[in-house]
Amino acid sequence: MKIVVQVKLLTASAHDADALAATLRACNRAASYTAKVAFETGTYGRNDLQKAVYLDLKGAFDLSAQPAVRVVKKVVDAYNTLRGNIRNGHLTGRARRKAQSKPIVFREDAAQPFDDRCLSWNLDQRTISIWTVAGRLKGIRFACSPQALKLLASRKGESDLVERDGTFFLIATIDLPEPGLHEHSGWLGVDLGIVNIATTNDGDKLSGRRLNRYRKRMRTTVAKLQAKRTKSAKRRLKALRRRESRFATDTNHVISKRIVVIAERTSRGIALEDLKGIRQRVTAKKEQRYGLHSWAFAQLGSFVEYKAKRVGVPVVRVDPRNTSRQCSECRHTHRSNRVSQAWFACRSCGVVMNADLNSSRNIAHRADAVWQRGKVNCPSTA
Ligand SMILES: [Zn+2]
């Protein structure tokens, strides 16, 4: 599995920063030139295109051999992506005609890949040495977390140089071996919902009071700002939405990590609902709607899958239909079983329990069925 590690370059002098900026500019101008040649001559194959532009890239754009090769590859990849987007129907109508009518143009600060010949890492010293149009820069220090440093030890291949607001970063791709799936018995069922973001079949509510307080405060603030309709209110609303989205991402990281840790510690797999239907399934009351639409359930699900994969915990998605209406004790399903937002009371066997807990138990049961079916179909995963 591929994961991405970002390190921040601590450019000590203005000269270093200028050299990096000039390098990105030169590479991207060279890429735009190469894209133009490709477009005008219909040369989209890597070898032919390289033959056509190689001398120019080295001469007119000051690139050395490896960066020139990387630039050609970047252009070939960009046209492949464009063709893919057209084929998949992501680009249609006017947008498609526009994209096809002229060569691809690269922003002057677009990311540029560097391979091991143009970029070397010294992890002990936390420095890099990198080729630039102003000569090789050596001993450039970088900052990253201890975990990221550990991951960088298994780095292979290219890293991207990018610039954001005057600061340079290297983005390295790490190819980690996928751990085999753990032996597991049973499932940690997780019900996702509005009031409680995540409830497990152990009865744990993972959203926490802090989150609910935050959302309540946001609802009031947003309502007030929406009522104002002034320009500054609109601006503040926009800033607020961005802050909320960051908060949601952070919270999703925390919740997904806890889910995976619980599953790993108790040797269980993780069962989640297939989220495609969640908006239709959840009939939100008006005051809850703000929270529902702004909550990134899909993101939470993908964080859980990603973190689980890294430690070999299996994840299955189950059919979400009627998980809130079915009794997890006797499997009787009826709309009136769900008596309120908070409570479930079975009309058949009489069991009464927290509604989210009931749903999460159903999700765990269903995961078992899905897993058994999967095992029969592909014995290698058993
Ligand atoms: Zn029942």
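Let's start with helix H1, residues 14–41: its 28 residues should span 40 Å at 1.5 Å a residue, and the end C-alpha atoms are indeed 40 Å apart, so the two values agree. Keep in mind that this is a predicted model. From there, the tour takes in the two domains, a zinc site held by cysteines and an open sheet of 4 strands.

**Helix H1 and what follows**
- Right after H1 comes glycine 42, which takes a positive phi of about 65°.
- As background, an α-helix has 3.6 residues a turn, so residues three or four places apart point the same way.

**Overall layout**
- The protein splits into domain 1, covering 2–175, and domain 2, covering 187–377.
- Measuring between C-alpha centres, domain 1 and domain 2 lie 40 Å apart.

**The zinc site**
- Which residues hold the zinc ion? The protein donors are the SG atoms of Cys327, Cys330, Cys346 and Cys349, lying 2.3 Å from the ion.
- The site is tetrahedral, with angles of 106 to 112° among the 4 donor atoms.
- For reference, the ideal angle for four tetrahedral donors is 109.5 degrees.
- Along the sequence, the donor residues follow the spacing C-x2-C-x15-C-x2-C.
- Cysteine 330 and cysteine 346 link distant parts of the chain, sitting 16 residues apart. Cysteine 330 is in the loop between strand E11 (315–318) and strand E12 (343–345), while cysteine 346 is in the loop between E12 and strand E13 (352–354).
- Are these two cysteines buried or exposed? Cysteine 330 is partly exposed, with a relative accessible area of 33%. Cysteine 346 has 7% relative accessibility, so it counts as buried, the cut-off for that being under 20%.

**The open sheet**
- The 4 strands of this open sheet run in the order E9-E8-E10-E11, and their pairing is mixed.
- Strand E9 (198–200) and E11 are the edge strands, each pairing on one side only.
- From one strand to the next, the twist averages 30°.
- In general, strands of a sheet pair through backbone hydrogen bonds, either parallel or antiparallel.

**Where E10 meets E11**
- Strand E10, residues 269–273, pairs with E11 in the parallel sense over 4 bridges.
- Glutamate 273 stands opposite valine 318 in E11.
- Valine 315 is also found in strand E11, and at 23% relative accessibility it counts as partly exposed.
- How far apart are valine 315 and alanine 271? They are 44 residues apart in sequence, but 5.9 Å apart in space from C-alpha to C-alpha.

Conventions:
Residues numbered from 1 in each chain as written. Predicted model: local features only at pLDDT ≥ 70, side-chain atom pairs only at ≥ 80, totals over all residues. Heavy atoms only, no water. Donors = N, O, S within 2.8 Å, 3.2 Å for Na, K, Ca; no water. Tetrahedral: all angles 85-135°; square planar, octahedral: opposite > 155°, others 65-115°. Helix = DSSP H or I, 4+ residues; strand = E, 2+ residues; numbered from the N terminus. Buried < 20%, exposed > 50% of the residue type's maximum accessible area, 1.4 Å probe, protein only. Domains from an automatic or database assignment. Expected span 1.5 Å × (residues − 1). Pairing = 2+ DSSP bridges. Axes fitted to C-alpha atoms, helices over the stretch in contact; angles between N-to-C directions.
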